[in-house]
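Reader: Please take me slowly through one single part of this structure, and explain each term when you first use it. I would like to understand how that part fits with what surrounds it.

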Amino acid sequence: MIEELFSTEDLPVADRVDAWREKLTQVHAPVNLVRRSDSDFRAQQRVVQLGNALVWSSVMSPQTIRRTRQLIRRSDPEVIHLSLITRGTVGFRMDGPDAVYGPCELRTNDSSRPFEILMGPQGEIVTAVSVDVPRARLPLSSNDLDRVIGHRMTGQEGVGALLTAFLTALRDNPRSYTATDAPRLETILVDLLAAVFANALDSMDSVPAESRRRTLTLRIHAFIRNHLHDPDLTPAAIAAAHHISTSHLHRLFQDHGTTVSGWIRLLRLERAREMLADPARSDVPVHVVAVRAGFEHHAVFTRAFRSAYGMSPRDYRRRALLQEAGDGPAAD
């Protein structure tokens with residue numbers, strides 16, 4: 001995945017504010033920018049394009065960003081913006097009363113409505129992961145979007161936590177993806193945004209059935225990853241936790257060419273493999289690694305691991321640690 005990187009540190013001090021204003025205009029819409037007079041202005045941005053959507057992480061000095069009616073009349077790309085605040089606080093004003101957002105909260109605005117954003121009102125640095133997506137790309141009515149934009153939402157629970165995990169993974173590992181992944185990632189992003197907004201409106205029925213289905217699958221995948229250590233993680237338990245039938249659960253996985261049990265086994269083996277290759281866990285016995293990965297029986301774990309990776313867990317660990325130390329052949 002191609003990243004576009006920008007940092008004011010590469011520019012003369014006198015040019016930094018104008019250059020940052022231009023970057024904000026490119027990713028969202030034309031804005032006015034006012035820096036704090038007592039701050040050493042700095043801003044950094046990493047942008048990844050997913051089809052029609054942009055995902056960008058940022059580090060910003062205290063500043064005020066305004067979009068006025070005059071700027072809207074001049075140019076309106078009709079995009080929806082969402083920011084996951086990861087550090088610092090952000091003041092926000094749009095239509096309703098003033099609000100202050102902190103870490104793990106989701107803040108939104110609309111390029112078609114005037115707003116004012118106060119980055120770091122207490123003089124602190126602000127970091128965030130943000131999304132800009134065309135309003136027309138979201139599978140919600142214009143009325144629903146108008147009702148939800150500007151509402152306080154959390155990135156710590158429910159579908160908001162799924163969106164947080166997706167954005168942070170994309171921020172932290174952009175090179176894990178290629179340009180061919182962009183359409184799929186854009187679909188996931190749009191589905192998650194629509195689900196977050198619909199959930200805030202308590203109106204999931206407003207989301208198209210296919211988007212609900214894909215979001216449910218993402219929720220189930222996250223649930224499985226979070227409960228891999230539990231030996232009672234069964235299709236029945238997973239279905240019950242998501243208020244669906246086991247037959248519905250099996251159909252969701254059949255659509256992806258796998259089975260529920262097969263997916264669980266694959267993730268458990270991957271978790272065990274990661275632990276075995278971790279030098280910091282080299283003193284953890286193999287049978288303990290198996291239990292932590294969710295395998296109740298050591299013999300079952302050993303057979304499954306050998307079938308998947310072509311060697312025993314103990315041999316894999318030895319080879320991976322030698323590779324880490326630079327004294328042996330690479331582990332496949």
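Author: What follows is a close look at one helix, with a short view of the whole chain before it.

The model is a predicted one, in which local features need pLDDT of at least 70 and side-chain atom pairs count only at pLDDT 80 or more, while totals for chains, interfaces and linings use all residues. Residues are numbered from 1 along each chain as its sequence is written, and side-chain values use heavy atoms, with hydrogens and water left out.

The secondary structure of the chain comes to 12 helices and 12 strands, where helices (H or I, at least four residues) and strands (E, at least two) are DSSP runs numbered from the N terminus. Taken along the principal axes, the C-alpha atoms fill a box of roughly 70 × 50 × 35 Å. Of the 332 residues of the chain, 47% count as buried, a word that stands for under 20% relative accessible area, with exposed meaning over 50% and partly exposed in between (1.4 Å probe, protein chains only).

The part to look at is helix α1, which runs over residues 16-27 and has 12 residues. From its first C-alpha to its last it reaches 17 Å, close to the 16 Å expected at 1.5 Å a residue, the expected span being 1.5 Å times one less than the number of residues.

Which residues of α1 are buried? They are Arg 16, Val 17, Ala 19, Trp 20, Lys 23, Leu 24 and Val 27. These residues cover an arc of only 165° around the axis, which puts them on the same side of α1; the arc is that of the directions from the helix axis to the C-beta atoms. What covers the buried residues of α1 includes the strands β1 (3-7), β2 (32-35), β3 (43-50), β4 (53-60), β5 (63-67) and β11 (126-134).

One of these strands, β2, holds Leu 33, which is itself buried, with a relative accessible area of 7%. Leu 33 and Trp 20 are 13 residues apart in sequence and 8.5 Å apart in space, C-alpha to C-alpha. Not counting residues up to four places away in sequence, Leu 33 touches Val 17, Trp 20 and Arg 21, together with Phe 41, Gln 63, Thr 64 and Ile 65, and such a contact means heavy atoms within 4.5 Å.

Strand β1 offers a link of another kind, for the side chains of Lys 23 and Glu 4 meet in a salt bridge (2.8 Å, N to O). This pair links distant parts of the chain, with Lys 23 in helix α1 and Glu 4 in strand β1, 19 residues apart. A salt bridge is a side-chain nitrogen of Lys or Arg within 4 Å of a carboxyl oxygen of Asp or Glu. Lys 23 is buried, with a relative accessible area of 15%, whereas Glu 4, at 41% relative accessibility, counts as partly exposed.

A search of the whole structure finds 20 salt bridges, and among them is the pair of Asp 144 and Arg 147, whose closest N and O atoms are 3.0 Å apart. Both of these residues lie in helix α3 (residues 142-148), 3 residues apart, about one turn of the helix. An α-helix has 3.6 residues a turn, so residues three or four places apart point the same way. Here Asp 144 is buried, with a relative accessible area of 10%, while Arg 147 counts as partly exposed at 40% relative accessibility.
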